[in-house]
Amino acid sequence: MKSSEKHTITALVEDRAGVLNRISSMFRRRGYNISSLAVGKSESAGLSRMTFVVDGDAKTVEMVVKNLHKLVEVIKVADISEENAVSRELALIRVKCDVATRSEIMQIVDIFRAKIVDVSQDTLIVEVTGNEDKVNSLVDLLDTFGVFEVMRTGTVAMSRGASFEQDKAVTSPRILENAS
Amino acid sequence: MIKKGSQIVCESLLREGCDVVFGIPGGAILPLYQALPEYPELRHILTRHEQGASLAADGYARVTGKPGVAFATSGPGATNLVTGIASAQMDSVPVVIVTGQVNSWTIGSDAFQETDITGITLPVTKHNFLVMDASEIASSIKEAFHIANSGRPGPVLVDIPRNVFIQEIEYEEPGELNLPGYSPNFSGHSGQIRKAAHLINESERPVIVAGHGIIISKAYDELKELAERAQIPVITTLLGISCFPEDHVLWTGWPGMHGMAYSSFAIEEADLIIALGMRFDDRITGDPSKFALNSKKIHIDVDPSEIGKNIAVDVPIVGDVKEVLTRMNTQIVAATHPAWLKRIDVLKKDHPSLDIPETSKLLARQVVKDLSEETKGGATIVTGVGQHQMWAAQHYRFKKPCTFLTSGGSGTMGYEVPAAMGAQVADPDSTVWSIAGDGGFQMTLCELATIAENRLPIKFAILNNGFLGMVRQWQEIFFDSSYVSTAYTGNPDFVRLAEAYGIKGIKVTDKTQVKTAITEAMEHDGPVLIDFIVEQEENVYPMIPSGMTVYDMIEEPVSEKVTT
Ligand SMILES: Cc1ncc(C[n+]2csc(CCOP(=O)(O)OP(=O)(O)O)c2C)c(N)n1
Ligand SMILES: [Mg+2]
């Protein structure tokens, strides 16, 4: 059996009070580990999309998917780790910087196609977008100068190509109502 | 038409076919209670504790197959329900709970008797609702009933603030159900069904393990047809008991921690396990990595998250067991399996779990066996949790479907009183016997008042061993008989207690009095309590210590068998 690894799961859920609580409660109760969670509005009004990065073997991930499905407010779940997927995360990194290190930091930022979005006397804020590994490497590199603070959004992910399914939810009356 | 929230609750309940509600009023839910006199078709039974209401709703639901309903007020009223809600969740019982909440504008301010009951019950309900406007009541209650009693049943709680009961709105009938994320799969996959039938037709030593799902979907005939057509022995789970007549030649007991030894061995020796509406609970599997390694497994269940959870299966089928069996049975070839059935007879002879030792003492097991004979296996048996529960399951021979009510998944002591109440209310003409422990009975005995008040002719058989017997047994076997906090030396005189409630009481101290006491109780048309003063240190065998395997089973020691 494959041991612990990261899997990406996405879910389409009703955008209502308490839904996040229900989902996180399920993860907690069943002892599943979420290493990252991102939530935002979807293309349909009244529905949100969540991306979970879950630590666990294939069986754990299968149980996570099934238990997510069981929640009444969860409409669709996809395990996209096996698929060809695009996954991105945004991070803001506050890094220590002085006249001596500034240009070296700027070079690293360039290589990572990141941006400097704030400059002060002795710190910089770097904005970077990429998959988790890319963000990790940049944080590691910048840490040699001194990282004060890291803010990460958590991974969002989408399968490549046009292989998305039309959700049954999109045609449900409540959602059509909300969308119009 | 203008209606109040409270009226909409009552009308919604009636529309869902609810005729009985168990509950206790209080400030937050009072406006709902004050509407009840307008709806005489909605019978309210006033319990003495909210746990009694939620467990009575559970008993009612199991017997009728429709959701049981309970009401409670906010705060302590609602929290008192929780044990009953969690029990219903563990045993897949459809229950709809309506709780009052503090006024909507005070929610979150720690108002008097405010408790976040939707938060508290989130992990122990199938779903719950906080209804913030009267216009949402009708649809929420409609959805609550649908969710509670479809797919894998379970409890649903609807929390309604006090002001929402009073709120007046222009009432509209609820529209179509709108639950885009909820669509249980009933039918099962044809390809998988074909594969399963093929495995069954090929197998030499098949066993059926039939669970609560058979009772929930009333698949009794389909189960019997499968078993008889291919001559497959039928083992039930604890909650599956009574789904298959126990005087049938193919009935092969129930397995697991305190099940019959031959049932557990039959599962180990089988080459195919046909698991129907059950969930491979740890009380059955013991160590899951060593469970039934010699067999292929077909698992039919309506809840996909049960499949592959504890035990890896070869042919999973997600669907309603009745529907799947109906389709699968047509593909089953008649078979006889004579060698296998003979082998099971040998197992049965070699491991006689159901023999009762010859003794002049009053054994709890003997009481159950006598009760089984006197009622001809036709009573509805409700139990508490502990030794008496296991003896009831072992020594009562159930002949009628859906007549064994017990708290299996949650093991809720105290179930024996309120659930018996729910069962009797659900079927007033049935004979309901509560086989009670002296410990559990005292957890919910306040409901004797409810029983007396409503003249529910329940018969109680307290198997009074003066101990929290099951725990004492563990102490005896695993902790050198160090009986810490398990002796009940302060038990009341249960006969006088019954009489204080106006209930007939009988005390039995001798083996020879058992049958006469049972007959006397049955002839009395009203509730009766029999206090059976049984052997204090009788043990339940066989016993598979938790997390172990069938081969670690402790069978009844011979020294104990010949007690005189
Ligand atoms: C509410 C609750 N508390 C504690 C337990 C743990 N427990 C399991 S069996 C048992 C003893 C039950 O005693 P009794 O009702 O007298 O039944 P007996 O085992 O003696 O037949 C206890 C305390 C439980 N199952 N439920
Ligand atoms: Mg006892």
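**Exercise 1. In this predicted model, work out how much area domain 2 and domain 3 of chain B bury between them.**

Solution. Start with the total: domain 2 of chain B and domain 3 of chain B bury about 1,400 Å² between them, and 67% of that is on carbon and sulfur atoms. Next, get your bearings along the chain: the domain assignment puts domain 2 at 190-350 and domain 3 at 364-540 of chain B. The contact draws 18 residues from domain 2 of chain B and 20 residues from domain 3 of chain B. As for spacing, the C-alpha centres of these two domains lie 30 Å apart.

**Exercise 2. Find the salt bridge across the interface of domain 2 and domain 3 of chain B, and count the residue pairs in polar contact.**

Solution. First, look for a Lys or Arg side-chain nitrogen within 4 Å of an Asp or Glu carboxyl oxygen. The rule turns up one salt bridge across this interface. B:Glu246 and B:Arg397 meet in a salt bridge through their side chains, at 3.0 Å from N to O. Then widen the search to polar contacts: six residue pairs between the two domains count. Finally, sort the residues on the side of domain 2 of chain B that touches domain 3 of chain B: eleven are nonpolar, three polar and four charged.

**Exercise 3. Identify the protein donors of the magnesium ion (ligand 2) and place them in the chain.**

Solution. Begin at the ion: B:Asp438 (OD), B:Asn465 (OD1) and B:Phe467 (O) lie 2.1 to 2.2 Å from it. Written as a spacing pattern, the donor residues read D-x26-N-x1-F. Now check the secondary structure: B:Asp438 sits in helix α19 (residues 438-444) of chain B, while B:Phe467 is in the loop between β17 (459-464) and α21 (469-478) of chain B, so this pair ties together parts 29 residues apart in sequence.

How values were computed:
Residues are numbered from 1 along each chain as its sequence is written. Chains are lettered from A and ligands numbered from 1 in the order in which they are written. This is a predicted model: local features need pLDDT of at least 70, side-chain atom pairs count only at pLDDT 80 or more; totals for chains, interfaces and linings use all residues. Side-chain values use heavy atoms; hydrogens and water are left out. Domain bounds come from an automatic or database domain assignment. Contact means heavy atoms within 4.5 Å. Buried area is the accessible area (1.4 Å probe) that two parts lose on being put together, summed over both. A polar contact is a pair of N or O atoms within 3.5 Å; within protein, one must be able to donate a hydrogen and the other to accept it, and residues adjacent in sequence count only if both atoms are side-chain atoms. Ala, Val, Leu, Ile, Met, Phe, Trp, Tyr, Cys and Pro count as nonpolar, Asp, Glu, Lys and Arg as charged, and the others, Gly among them, as polar. Donors are N, O and S atoms within 2.8 Å of the metal (3.2 Å for Na, K and Ca); water is not among the atoms, so sites may look incomplete. Helices (H or I, at least four residues) and strands (E, at least two) are DSSP runs, numbered from the N terminus.
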